Structures are given as C-alpha cells and as structure tokens.
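Work through the exercises below with the sequence and the 3D view open. Each task is followed by a solution in steps.

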Amino acid sequence: MSIIPAPIVRFYHQTASPPFFYSLSNKLLPWLTAIFLMLLGYGLYAGLYLAPTDYQQGDSYRIIYVHVPAAWMSLFIYVVMAVAGAISLIWRMKIADVVLISSAPIGASFTFIALVTGSLWGKPMWGTWWVWDARLTSELILLFLYLGVISLYGAIEDKRTASRAVAILALVGVVNIPIIHYSVQWWNTLHQGPTVTKMDKPSIHLDMLIPLLVMATAFKFYYAIAMLQVAKVEILLREQNTQWVKKLLEKK
Amino acid sequence: MSAFFAVIRRDLILAFRRRAEIANPLFFFILVVTLFPLGVGANPKLLQAMAPGVIWVSALLAVMLSLDSLFRSDFDDGSLEQMLLSSHPLTVLVMAKIIAHWLVTGLPLLVVAPLLAIFLGLPEQALGTLLLTLVLATPVLSLIGSIGVSLTVGLRRGGMIISLLVLPLYVPVLIFASNAVEMAGNGLAVDAQINILVAIFFMSAVLAPLPAAAALKMSVN
Amino acid sequence: MNSFAEFLAMGGYGFYVWTSYAISFVVLLLNVIVPMAQRKQLLRELALKQKRAK
C-alpha cells in the first residue's frame with residue numbers, strides 16, 4: 001500500500017463519496033467530450049476516407065471501424081462491471097454499485113451495435129442477414145448476459161439488495177464468458193458452413209489498423225461520458241434524501 | 001458433515017411426500033421431445049440428425065423448470081432462514097440441497113432417455129454416451145441453476161427471469177454434451193468432449209455453491 | 001475515392017456501410033441524451049418535492 005503515493009490513495013477514497021463523485025463527473029465531462037469528439041473525428045475521417053479500399057471486400061469492410069470497437073467495448077464493459085461488482089461486494093462501496101448498473105445499458109448497446117453491424121457486414125459478404133459464426137453467436141449470448149443484469153436489477157425492489165445481486169451475477173458472468181467463448185468457437189469449427197468467415201483478418205495493413213485503434217480509444221472515452229451521465233441520475237435517485245442533494249436543489 | 005447428510009435426507013423425504021411432483025419434469029421432458037417431430041415432420045433422417053440436440057435442449061429446459069423447487073418451499077416456510085442462521089457453513093448446506101434436488105429431478109431423466117432415443121431414432125451406439133453426458137452434465141445444470149434461483153428466490157415471480165439468467169450459462173454444457181452424443185452416433189471418439197464435461201463438472205461443483213450461498217444470504221435478508 | 005458521390009456509394013455497399021454507422025450513431029447518441037433528460041426531469045421533480053415539504 002505504501003508504494004502508491006498518499007494523494008492518489010486519498011483521491012481514490014474521496015471518489016467513494018457520492019457528492020464528490022457527482023461533482024467530479026461534472027468537471028470531467030467537458031474534457032472527456034472534447035477528447036472523444038477529436039478522436040471520433042479523426043477516426044471516422046481516417047476510416048471512411050483515408051484508409052485504402054480492400055482488395056477482397058471493397059469498401060464494405062469499413063464497417064469494422066464501428067463493428068470491432070463495439071465488440072471490444074461490449075467485452076471491456078462487462079469486465080468493468082465485474083470489477084465494480086467485486087469492489088462492491090468486498091468493500092461495500094456505493095459508487096461501485098452505481099458504476100456497475102450505469103455501465104450495463106451501455107454495454108448492452110455496444111453488444112447490440114456489434115450484432116447489427118455484424119449482420120450488415122455479413123449480408124453482402126455471405127448473402128444472409130445472420131450466420132451462426134463464432135463471434136456473432138458469442139456476442140448474442142453476451143447480450144443475454146447483459147439483459148440478465150438489467151432485468152435482475154429491475155426486478156428486485158430494494159436497490160441495495162439489487163446491487164448486491166447484480167454484483168454476484170456480473171462476477172459469475174465474467175467467469176463464464178471465456179468458457180462460453182471457447183465452447184462457441186469449438187462448436188463453430190465443427191459445423192462450418194460452406195462459407196468461411198472473413199471477419200478475422202490474419203494480418204491487417206497499418207493504414208487500416210490505425211483508424212481501428214483510434215475508434216477503439218474514442219469509444220472508451222464515449223463509455224466514460226455515457227456511464228457518468230447515467231451514474232449522475234443513479235446517484236441522485238439513491239441520495240435524494242441526503243443533505244448534499246437538498247443543497248444542490250436549492251442552488252438551482 | 002452430519003448436517004450435510006441430514007439436509008439431503010430431509011429434502012429427499014420432503015420430495016418423496018410429494019412424489020407426484022417428481023414426475024413433472026419427466027413428463028415435460030418427454031412432451032417437449034415429442035413436440036419436435038410434430039413440429040418439423042417425421043422424416044427419420046432429419047429426426048436422427050436432430051436427436052442429440054433435441055434431447056439435450058429438452059433435458060436442459062426440464063431441469064431449468066424444476067429449479068424453482070430448489071429453495072422455494074424452504075424460503076416460504078422459513079427453513080431457509082434457519083439454515084442461514086445455523087452455525088453450519090451455508091455452502092455445505094447449499095451443496096446438500098443441490099444434490100438432493102438432482103437426485104429427484106435430474107437423475108430420473110436418465111431413466112427416460114433411452115425411450116426418447118428410440119422416438120428420435122438415435123443410433124444405439126450413442127445411447128451409452130447419451131446416458132454418460134446426462135449423468136455428468138445434469139448435476140452441472142442443477143449447480144449453475146442454483147445460482148440463478150438463489151439470486152431470485154426473494155422475487156414473487158422469478159420464474160421467467162431465471163431462464164434469462166441461467167440459459168446463457170448453460171450454453172457450453174449444451175454444446176459439448178449434444179456434440180458428444182452426435183459424434184458417438186457416428187461412431188467417432190468422444191474423449192475430448194467427455195473430458196471437458198468432467199472438467200466443467202468439477203469446476204461447477206467447487207465454484208457454484210459459493211455465489212449461490214452469497215446470493216441466498218442477500219435474498220433472505 | 002474521388003468524388004462525394006463515390007464516397008457515398010462505398011463501392012456499391014453504401015446501404016450497408018451507412019446504415020451501420022447510422023444505427024451506431026443513433027444508439028450511442030440515445031445512451032447520452034436519455035440520461036441527460038432523465039436527470040433534468042428528476043431534478044425538477046425533487047425540487048418540487050422539496051418546495052412542498054417546506
């Protein structure tokens with residue numbers, strides 16, 4: 001513990017306080033938005049315009065600049081939810097609960113985007129709107145895992161109990177995700193249809209890779225922005241009877 | 001340790017008192033399998049190709065529907081709270097309840113499975129593998145299912161949400177079990193699939209009671 | 001790609017590419033706008049409750 005400088009430790013403890021977290025979010029959001037828009041702007045420009053046309057897939061491959069970052073985010077956010085769940089269960093941190101439940105709809109949205117853009121990419125390539133390939137099937141199951149978290153939280157009336165329930169569920173889910181992913185991949189190799197999936201390119205040209213990484217980074221900033229927006233609402237709901245919220249209302 | 005066996009014994013006696021209910025998952029299992037030929041037509045080749053998957057999906061659904069009985073009556077009459085308050089480790093008691101539950105709902109499915117194999121024209125050489133996968137994987141279904149049930153035991157109508165929570169987690173078991181049966185039907189080796197099922201069995205036996213116990217503590221309070 | 005028309009056409013795949021980006025854009029936009037609107041609504045409701053309580 002002594003290797004981490006004291007101000008950082010203090011800051012970490014401070015973020016556990018809802019009013020501090022709330023005002024910190026407000027301060028961070030403009031910066032996060034600015035960085036996000038810059039990254040997004042460059043990513044779209046590089047991906048849609050600068051990157052060369054693919055030899056095999058023509059210009060349809062450009063869908064990867066939203067499809068792949070969305071798929072990465074769908075997994076990343078679930079892991080964040082699991083970490084938040086662990087923090088919540090071990091240290092009973094309210095803000096961890098807030099981060100978890102705020103992230104769920106965003107993670108589900110990214111999963112949805114990955115599925116829809118995957119279909120839209122697949123249709124011109126394979127001729128059908130849906131193929132049971134490993135990635136799309138895994139994403140579909142991941143969507144159900146997200147919907148499970150959201151449904152369970154909504155179904156339990158006492159929100160403190162609900163938070164603990166989804167924390168447990170997120171941890172159980174995150175352990176299962178690699179197992180599910182591996183088994184779906186295994187299953188896919190057995191039932192390989194006549195079309196081979198071209199989604200996993202073995203080596204990718206640098207000009208095509210850079211926009212992908214920029215979009216992936218942009219999406220991470222987006223996640224922070226969207227999550228904090230939801231978190232602010234969640235905090236107000238949970239803390240509505242506290243003094244600091246009452247003061248906040250008086251200021252407006 | 002004696003508490004462990006006492007709980008198993010108690011649950012079995014309670015289940016025996018309502019032994020008519022033991023038949024319900026069995027009937028469901030048979031019924032669902034019967035629906036498939038009615039739905040897709042009686043083409044023997046088609047049914048034979050679908051048999052491993054159909055039998056396994058139906059078994060999975062039958063187990064899932066029976067999960068509610070795992071904690072429901074104990075929750076309703078307060079025995080669950082007693083178990084939580086007792087000095088015995090909750091994970092041990094949960095494990096005992098899961099074992100009793102499987103003996104009553106999962107194990108009987110094995111009795112019926114050969115009949116269903118005949119219905120769907122499953123090759124005889126696959127029958128042994130079918131029974132083996134059922135023995136290995138239905139306990140896993142009870143174990144994983146117990147997590148879903150314990151998270152929702154406090155809800156008034158937790159039934160539908162249990163399927164949403166639990167079915168995604170069932171996917172690996174379904175994939176390996178149905179594939180093993182299919183390969184066995186074709187006379188191919190199934191060592192890899194069986195080994196994976198064994199690994200999944202041990203992993204869930206060790207890991208599943210922990211979140212289930214944690215969720216019960218949280219649900220009951 | 002030389003002209004804007006060519007850019008829109010995306011080598012014949014325009015529908016798929018632009019629909020993908022459009023859906024992504026809409027979903028992500030909603031995920032930010034909806035909570036912002038919810039917050040304004042919630043603050044209004046809480047402020048009203050507070051006034052009535054006084």
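**Exercise 1. A proline in a loop**

Is B:Pro123 buried or partly exposed, and how many other C-beta atoms lie within 10 Å?

Solution. Bear in mind throughout that this is a predicted model.
- Step 1: locate the residue. B:Pro123 sits in the loop between α7 (107-120) and α8 of chain B.
- Step 2: count. There are 15 other C-beta atoms within 10 Å of B:Pro123.
- Step 3: classify. A buried residue needs 20 or more such atoms and an exposed one has 12 or fewer, so B:Pro123 with its 15 is partly exposed.
- Step 4: look across the sequence. B:Val181 is 58 residues away along the chain, and the two C-alpha atoms are 9.6 Å apart.

**Exercise 2. Two residues of chain A**

Classify A:Leu29 and A:Arg92 by their C-beta neighbours within 10 Å.

Solution.
- Step 1: place A:Leu29. This residue belongs to helix α2 (residues 18-50) of chain A.
- Step 2: count for A:Leu29. It has 15 C-beta neighbours inside 10 Å and therefore counts as partly exposed.
- Step 3: list its partners. Apart from neighbours within four places in sequence, A:Leu29 is in contact with A:Ile225 and A:Leu228.
- Step 4: take a distance. A:Val80 is 51 residues from A:Leu29 along the chain, and their C-alpha atoms are separated by 19 Å.
- Step 5: place A:Arg92. It lies in the loop between α3 (64-91) and α4 (94-126) of chain A.
- Step 6: count for A:Arg92. With 13 other C-beta atoms within 10 Å, A:Arg92 is partly exposed.
- Step 7: check the backbone. A:Arg92 is not a glycine, yet its phi is positive, at about 50°.

**Exercise 3. Chain A as a whole**

Describe the make-up and extent of chain A.

Solution.
- Step 1: count the elements. Chain A has eight helices and zero strands.
- Step 2: give the extent. The C-alpha trace spans about 65 × 40 × 40 Å along its principal axes.
- Step 3: give the burial. Of the 252 residues in chain A, 43% are buried.
- Step 4: look at contact range. Among contacts between residues at least 6 apart in sequence, 79% join residues at least 24 apart.

**Exercise 4. A helix pair in chain B**

At what angle do α3 and α8 of chain B pack, and which residues meet?

Solution.
- Step 1: read the geometry. Helix α3 (residues 44-66) and helix α8 (residues 127-152) of chain B pack at about 35°, and their axes are 10 Å apart.
- Step 2: give the hand. The crossing of α3(B) and α8(B) is right-handed.
- Step 3: name the residues. From α3(B) the contact takes B:Ile55, B:Ala59, B:Leu60, B:Val63 and B:Met64, and from α8(B) B:Leu130, B:Leu134, B:Thr138, B:Leu141, B:Ser142 and B:Gly145.
- Step 4: sort them. Eight are nonpolar, three are polar and none is charged.
- Step 5: follow B:Ile55 further. Leaving aside neighbours within four places in sequence, its contacts are B:Val33, B:Ala113, B:Leu116, B:Leu120 and B:Leu130.
- Step 6: set B:Ile55 in the core. In the largest nonpolar core, of 148 residues, A:Leu169 and B:Ile55 touch the most other members. Helix α7 (residues 206-238) of chain A contributes the most to this core, with 16 residues.

**Exercise 5. Contacts between chains**

Which two chains share the most contacts?

Solution.
- Step 1: rank the pairs. Two pairs of chains are in contact, and chains A and C share the most contacts.
- Step 2: describe A with C. Here 33 residues of chain A are in contact with 25 residues of chain C. On the chain A side, α4(A) gives the largest share, eleven residues. That side divides into 20 nonpolar, seven polar and six charged residues.
- Step 3: describe A with B. Here 23 residues of chain A are in contact with 17 residues of chain B. On the chain A side, α6(A) gives the largest share, 14 residues. This side holds 17 nonpolar, five polar and one charged residue.
- Step 4: check B with C. Chains B and C do not touch, and their nearest C-alpha atoms are 23 Å apart.

Note on methods
Residues numbered from 1 in each chain as written. Chains lettered and ligands numbered in written order. Predicted model: local features only at pLDDT ≥ 70, side-chain atom pairs only at ≥ 80, totals over all residues. Contact = placed C-beta atoms within 7 Å. Helix = DSSP H or I, 4+ residues; strand = E, 2+ residues; numbered from the N terminus. Nonpolar A, V, L, I, M, F, W, Y, C, P; charged D, E, K, R; others polar. Axes fitted to C-alpha atoms, helices over the stretch in contact; angles between N-to-C directions. Left-handed = near helix turned anticlockwise from the far one by under 90°. Core = buried A, V, L, I, M, F, W, Y, C linked by C-beta atoms within 7 Å.
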